[in-house]
Amino acid sequence: GVVSLVGVLASSIELFLIGRALQGAANAFTTPLLISMLAALTPPHHRGRAIGTYSSMQAAGVAFAPLIGGAAAAVDYRLAFALAAAAAFALAALVPGVQIHHGAGPVSQRDRWRSLANRPLARVCLIGFALQSTATAVILLVSLLGADRFGRWQHAREHLDAALVDA
């Protein structure tokens, strides 16, 4: 949510690209964390259904996000990022706090965050980040190749080249 606001408030192409990179990094870590939380909150006999429902909703989001984002961007590209930020903040406000119980009693907020610091989850997050980064790079390279081949977006290409050289 907060990173989407960078897309809304970006005053330069460099700041916009930094925001998009941060969004990609955040997305790479979101799925493993959500699946871990589902596994912790759902009884074992309901876990398959819960993760299946989550996965189908995630697939629907992947399918419809370009349509919704594209329609919003047709009005103003910042609107696509504003809608994403608003949805994230609304969901964060609407979802009640969760108490995870392990044996004797409730687990503190600190212990819940600490339980996320483990090697298997770190490995999954890093693999997700690498895959997301690879997919993003392929999309970027195909876009740049298309721009070069068809002579479009030369002005945007100059800004992108400058941003990449500065980084």
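Helices, as named here, are DSSP runs of at least four residues, and they are numbered from the N terminus. With this numbering, helix α3 spans residues 47-75, and α3 and α4 each supply at least two residues of a nonpolar patch on the surface of the predicted model.

The patch is formed by F64, L67, I68, V75, L79 and L83, which together have about 600 Å² of accessible area. Its largest share, amounting to 4 residues, comes from α3. Among the members of the patch, L79 is located in helix α4. This leucine counts as partly exposed because its relative accessibility is 33%, a value that falls between the limit of under 20% for buried residues and that of over 50% for exposed ones.

The chain as a whole contains 7 helices and 2 strands, and these elements follow one another from the N terminus in the order α-α-α-α-β-β-α-α-α. Of the 167 residues in the chain, 14% are buried. The accessible surface comes to about 11,900 Å², and carbon and sulfur atoms account for 70% of this area. Among contacts in the chain with a separation of 6 or more, 56% are made by residues that lie 24 or more positions apart.

The arrangement of buried and exposed residues can be followed in helix α1. This helix covers residues 2-9, and S4, G7 and V8 are buried within it. These three residues lie on the same side of α1, because the arc that they cover around the axis is only 100 degrees. The exposed residues V2 and L9, by contrast, are carried on the face of α1 that is turned away from its buried side. The packing partners of the buried residues of α1 are two other helices, namely α2, which comprises residues 13-41, and α4, which comprises residues 77-94.

Confidence in the prediction varies along the chain. The average pLDDT is 77, and 78% of the residues score at least 70. Confidence is highest in α1, at 87, whereas it is lowest in strand β1, formed by residues 101-102, at a mean of 54. Where pLDDT is low, the predicted coordinates should not be read in detail.

Definitions and conventions
Residues are numbered from 1 along each chain as its sequence is written. This is a predicted model: local features need pLDDT of at least 70, side-chain atom pairs count only at pLDDT 80 or more; totals for chains, interfaces and linings use all residues. Side-chain values use heavy atoms; hydrogens and water are left out. Buried means under 20% relative accessible area, exposed over 50%, partly exposed in between (1.4 Å probe, protein chains only). Contact means heavy atoms within 4.5 Å. Accessible areas come from the Shrake-Rupley method with a 1.4 Å probe; for residues, only the protein chains shown count as cover. The arc is that of the directions from the helix axis to the C-beta atoms. pLDDT is the predictor's confidence in each residue, from 0 to 100. Patches are made of residues with over 30% relative accessible area and no salt bridge: like charges are joined within 9 Å, nonpolar side chains (Val, Leu, Ile, Met, Phe, Trp, Tyr) within 5 Å. A salt bridge is a side-chain nitrogen of Lys or Arg within 4 Å of a carboxyl oxygen of Asp or Glu.
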